[in-house]
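These are my notebook entries on a single chain, written down in the order in which I looked things up. I begin with the surface, go on to the fold as a whole, and then turn to chosen helices and residues.

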Amino acid sequence: MFTDQLLAGRRILVTGGGTGLGKAMAARFLQLGAEVHICGRRKGVCDETATELMDQYGGKVMTYGVDIRDAQAVDHMIETIWATGPLTDLINNAAGNFISRTEELSPRGFDAVANIVMHGTFYVTHAVGRRWIEGGHRGNVVSITTTWVRNGSPYVVPSAMSKSAIHAMTMSLATEWGRYGIRLNTIAPGEIPTEGMSKRIKPGDEAGARTVKMNPMGRVGTMEELQNVAVFLISGGCDWISGETIAMDGAQGLAMGGNFYQLRDWSNDDWEQAKASIKAQNEKDRAKRG
Ligand code: NAP
């Protein structure tokens, strides 16, 4: 679909690039000739990914063990990257999410999502954007959101609120920073099964069987489809697209509103089981943060 070396000379930061969708986008950018930078709280996971991708595609993948909720740590990472030259593109992919009945959420549970998704995404975008403006560089920001930014979503309210904030940031900065040649767009994927997200938002249905049943096109999304949209948006093929959201969900958002309304049928036992599964996944991930 894209010519070899389409992204040669590009320096791209993918937040949360050690796993899941971020890893898939990082892989495709590297394959197309970009230098790739990935960050996550689990530096070891990022390092393993970097080794795997460089073995497969060659090129250069740099890793950073950074929690994007920490504005100072974010600024330090961006300063470190800038020491060898500016980024050309930023992919805001890192996020946290889990399903919960909203009345059972604690303030801490709300903050766990909002601090990563809303605050963290702003910190990274701001640290990169202000350097682009200071240095007179053009740049692309692509953020991964969800279709619920259009209609909200039950049972994932902190995520729906925070992704909507990214949506608002994208439209706002596309207009404020367009004069500097800085573009911001978002991709709103439907379900693409990944370990991190699926275990927390689809416990018991990690392969997406429920989505397959409900989706107008009768399937979940693929990594390759996401890779292709992301490359298209930063490719330079149509730089007049800015402030936009591309939904990539087989029209599920239009048909069903989102993914979680059916959870109103869950029993207390279903919710207890989901909580136990989310807790186990959190503990597994935390053990790798060091
Ligand atoms: P994932 O594998 O859990 O990816 C999330 C990544 O974000 C992880 O690498 C995680 O690394 C990183 N991260 C989380 N908190 C962080 C923090 N505070 N600082 C730095 N990095 C952090 O899940 P995914 O499915 O690939 O999701 C990727 C993106 O796609 C998310 O924005 C998600 O909302 C969006 N999305 C996914 C789907 C789907 O079906 N998979 C659908 C719609 C939208 P550490 O844990 O090491 O920090």
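**Surface and charge.** I looked up the accessible surface first, and for the protein chain, which is a predicted model, I noted an exposed area of about 13300 Å², of which carbon and sulfur atoms supply 53%. I then turned to the charged side chains and found 31 positive and 31 negative ones, the centres of the two sets lying 1 Å apart.

**Overall fold.** I listed the secondary structure of the protein chain and noted 10 helices and 7 strands. The radius of gyration is 18 Å, close to the 19 Å that the globule rule gives for 290 residues, so I recorded the chain as being as compact as a globular protein of that length. Along the principal axes, the C-alpha trace spans about 55 × 40 × 35 Å. I also noted that 50% of the 290 residues are buried. For contacts between residues at least 6 apart in sequence, I wrote down that 76% join residues at least 24 apart.

**Helix α8.** I checked the length of α8, residues 223–234, against expectation: its 12 residues should span 16 Å at 1.5 Å a residue, and the end C-alpha atoms are 17 Å apart, which agrees. Which residues of α8 are buried? I found Leu226, Gln227, Asn228, Val229, Ala230, Val231, Leu233 and Ile234 in that list. Looking for their packing partners, I noted that the buried residues of α8 pack against the strands β1 (11–15), β4 (89–92), β5, β6 (182–189) and β7 (245–248), and also against helix α1 (20–31). After α8 comes Gly236, for which I recorded a positive phi near 95 degrees.

**Helix α5.** I made the same kind of check on α5, which has 21 residues and reaches 29 Å from its first C-alpha to its last, close to the 30 Å expected at 1.5 Å a residue. The buried residues that I listed for α5 include Ser159, Lys163, Ile166, Met169, Leu173 and Trp177. As for what they meet, the buried residues of α5 pack against β4, α4, β5, β6 and β7.

**Thr145.** I placed Thr145 in the loop between β5 (139–144) and α5 (157–177). Is Thr145 buried or exposed? Its relative accessibility is 3%, and because the cut-off for buried is under 20%, Thr145 counts as buried. Leaving aside neighbours within four places in sequence, I found Thr145 in contact with Lys163 and Ile166, and also with Thr186, Ile187, Ala188 and Pro189. Lys163 and Ile166 are themselves among the buried residues of α5.

**Asn97.** I found Asn97 in the loop between β4 and α4 (107–135), where it is buried with a relative accessible area of 6%. Beyond its neighbours within four places in sequence, Asn97 is in contact with Val113, Trp148, Val156, Ser159, Met197, Arg200 and Ile201. I also took one distance here: the C-alpha atoms of Asn97 and Met77, which are 20 residues apart along the chain, are separated by 24 Å.

**Gly33 and the segment before β1.** I located Gly33 in the loop between α1 and β2 (35–40), and with a relative accessible area of 23% Gly33 is partly exposed. Which residues does Gly33 contact, once neighbours within four places in sequence are left aside? I listed Gln5, Leu7, Ala8 and Gly9. The C-alpha atoms of Gly33 and Gly59, 26 residues apart along the chain, are separated by 7.1 Å.

I followed Gln5 further, since it is in the segment before β1, and noted that it has a positive phi of about 65 degrees although it is not a glycine. At 49% relative accessibility, Gln5 counts as partly exposed. Asp4 is also in the segment before β1, and with a relative accessible area of 70% I entered Asp4 as exposed. The C-alpha atoms of Asp4 and Gly181, 177 residues apart along the chain, are separated by 25 Å.

**Ala251.** My last entry concerns Ala251, which is in the loop between β7 and α9 (252–256) and has a positive phi of about 70 degrees although it is not a glycine. Its relative accessible area is 34%, and I recorded Ala251 as partly exposed.

Note on methods: Residues numbered from 1 in each chain as written. Predicted model: local features only at pLDDT ≥ 70, side-chain atom pairs only at ≥ 80, totals over all residues. Heavy atoms only, no water. Helix = DSSP H or I, 4+ residues; strand = E, 2+ residues; numbered from the N terminus. Buried < 20%, exposed > 50% of the residue type's maximum accessible area, 1.4 Å probe, protein only. Contact = heavy atoms within 4.5 Å. Rg over C-alpha atoms; globule rule 2.2 N^0.38 Å. Areas by Shrake-Rupley, 256 points an atom, 1.4 Å probe, with all protein chains shown as cover. Lys, Arg positive; Asp, Glu negative; His and termini not counted. Charge placed at Lys NZ, Arg CZ, Asp CG, Glu CD. Expected span 1.5 Å × (residues − 1).
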